[in-house]
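These are my notebook entries on a single protein chain. I went through the model entry by entry and wrote down what I looked up.

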Amino acid sequence: MGYCSWCQRLGGAKCARCGSKTRAPKDDDPVLLAALDGLHADMIAPLLDENGILNYCQSDMNTLMGTSGGGMLLSNVKIYVPYAAFHRARTLIEGLFSDDPAVMNNLEAGEDE
């Protein structure tokens with residue numbers, strides 16, 4: 001298992017996203033946990049906080065979607081946790097959001113990639 005310091009993802013010997021050679025992860029390396037819509041990120045980040053898991057969210061992109069009455073701002077958010085907490089955070093989210101494909105389909109696999 002390796003860590004891509006450029007993409008901040010876990011995977012094999014080579015990063016599946018950028019093709020960079022990976023290295024062994026360190027406990028404090030930030031690892032992408034999930035890329036979600038703003039609504040789900042707003043539910044998950046406090047859940048991680050409540051369970052003592054350090055995390056930070058990065059807004060990836062903002063899109064203004066028009067509707068007949070105005071617009072709705074949708075945000076794509078990436079949630080990162082330290083490598084040492086990655087598996088605990090993933091297990092916590094899987095336990096609470098197992099029936100929500102919007103979360104489960106966007107949760108990083110980690111070592112299983």
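**Entry 1: Q8.** I began by asking whether Q8 is buried or exposed. In this predicted model, Q8 has a relative accessible area of 18% and therefore counts as buried, the cut-off being under 20%. I located Q8 in the loop between β1 (2–4) and β2 (9–11). I then listed its contacts, leaving aside neighbours within four places in sequence: Y3, P30, V31, L32, Y56 and Y80. I also checked the backbone and found phi of Q8 near 60°, a positive value in a residue other than glycine.

**Entry 2: G11.** I next looked at G11, which belongs to strand β2. G11 is buried, with a relative accessible area of 12%. I took the distance between the C-alpha atoms of G11 and R23 and obtained 9.8 Å; the two residues are 12 apart along the chain.

**Entry 3: the nonpolar core.** I asked which residues have the most contacts inside the largest nonpolar core. They are L33, I44, L48, I79, V81 and I93, in a core of 22 residues. I then noted which elements give two or more residues to this core: β3 (30–37), α1 (38–50), β5 (70–82) and α2 (83–97). The largest share, six residues, comes from α2. I followed V81 further and, not counting residues up to four places away in sequence, found that V81 touches D29, P30, V31, L33, L48, I53, L54, N55, F86 and A89.

**Entry 4: helix α1.** I counted 13 residues in α1. The helix reaches 19 Å from its first C-alpha to its last, close to the 18 Å expected at 1.5 Å a residue. I recorded G38, H40, A41, I44, A45, L47 and L48 as buried in α1. For the spacing of such positions I kept one general point in mind: an α-helix has 3.6 residues a turn, so residues three or four places apart point the same way. At the N-terminal end of α1 I found D37 as the cap, with a side-chain oxygen 3.1 Å from the backbone nitrogen of L39. After α1 comes G52, whose phi is positive, near 70°.

**Entry 5: helix α2.** I counted 15 residues in α2. The helix reaches 21 Å from its first C-alpha to its last, close to the 21 Å expected at 1.5 Å a residue. Its buried residues are Y83, A85, F86, A89, R90, I93 and F97.

**Entry 6: cysteines.** How many disulfides does the model contain? With a cut-off of 2.5 Å between sulfur atoms, I counted zero disulfides. C18 is in none, and the nearest cysteine sulfur, that of C4, is 3.7 Å away. I entered C18 as partly exposed because its relative accessibility is 35%. C57 is likewise recorded as partly exposed, with a relative accessible area of 38%.

**Entry 7: confidence.** I closed with the pLDDT values. The protein averages 86, and 83% of the residues score at least 70. Among the elements, strand β4 (residues 56–67) has the lowest mean pLDDT, 64, and β1 the highest, 97. Over residues 64–73 pLDDT stays under 50, and for this stretch the model has 10 contacts beyond four places in sequence. Where pLDDT is low, the predicted coordinates should not be read in detail.

Conventions:
Residues are numbered from 1 along each chain as its sequence is written. This is a predicted model: local features need pLDDT of at least 70, side-chain atom pairs count only at pLDDT 80 or more; totals for chains, interfaces and linings use all residues. Side-chain values use heavy atoms; hydrogens and water are left out. A nonpolar core is a set of buried Ala, Val, Leu, Ile, Met, Phe, Trp, Tyr and Cys residues joined through side-chain atoms within 4.5 Å. Buried means under 20% relative accessible area, exposed over 50%, partly exposed in between (1.4 Å probe, protein chains only). Helices (H or I, at least four residues) and strands (E, at least two) are DSSP runs, numbered from the N terminus. Contact means heavy atoms within 4.5 Å. The expected span of a helix is 1.5 Å times one less than its number of residues. A polar contact is a pair of N or O atoms within 3.5 Å; within protein, one must be able to donate a hydrogen and the other to accept it, and residues adjacent in sequence count only if both atoms are side-chain atoms. pLDDT is the predictor's confidence in each residue, from 0 to 100.
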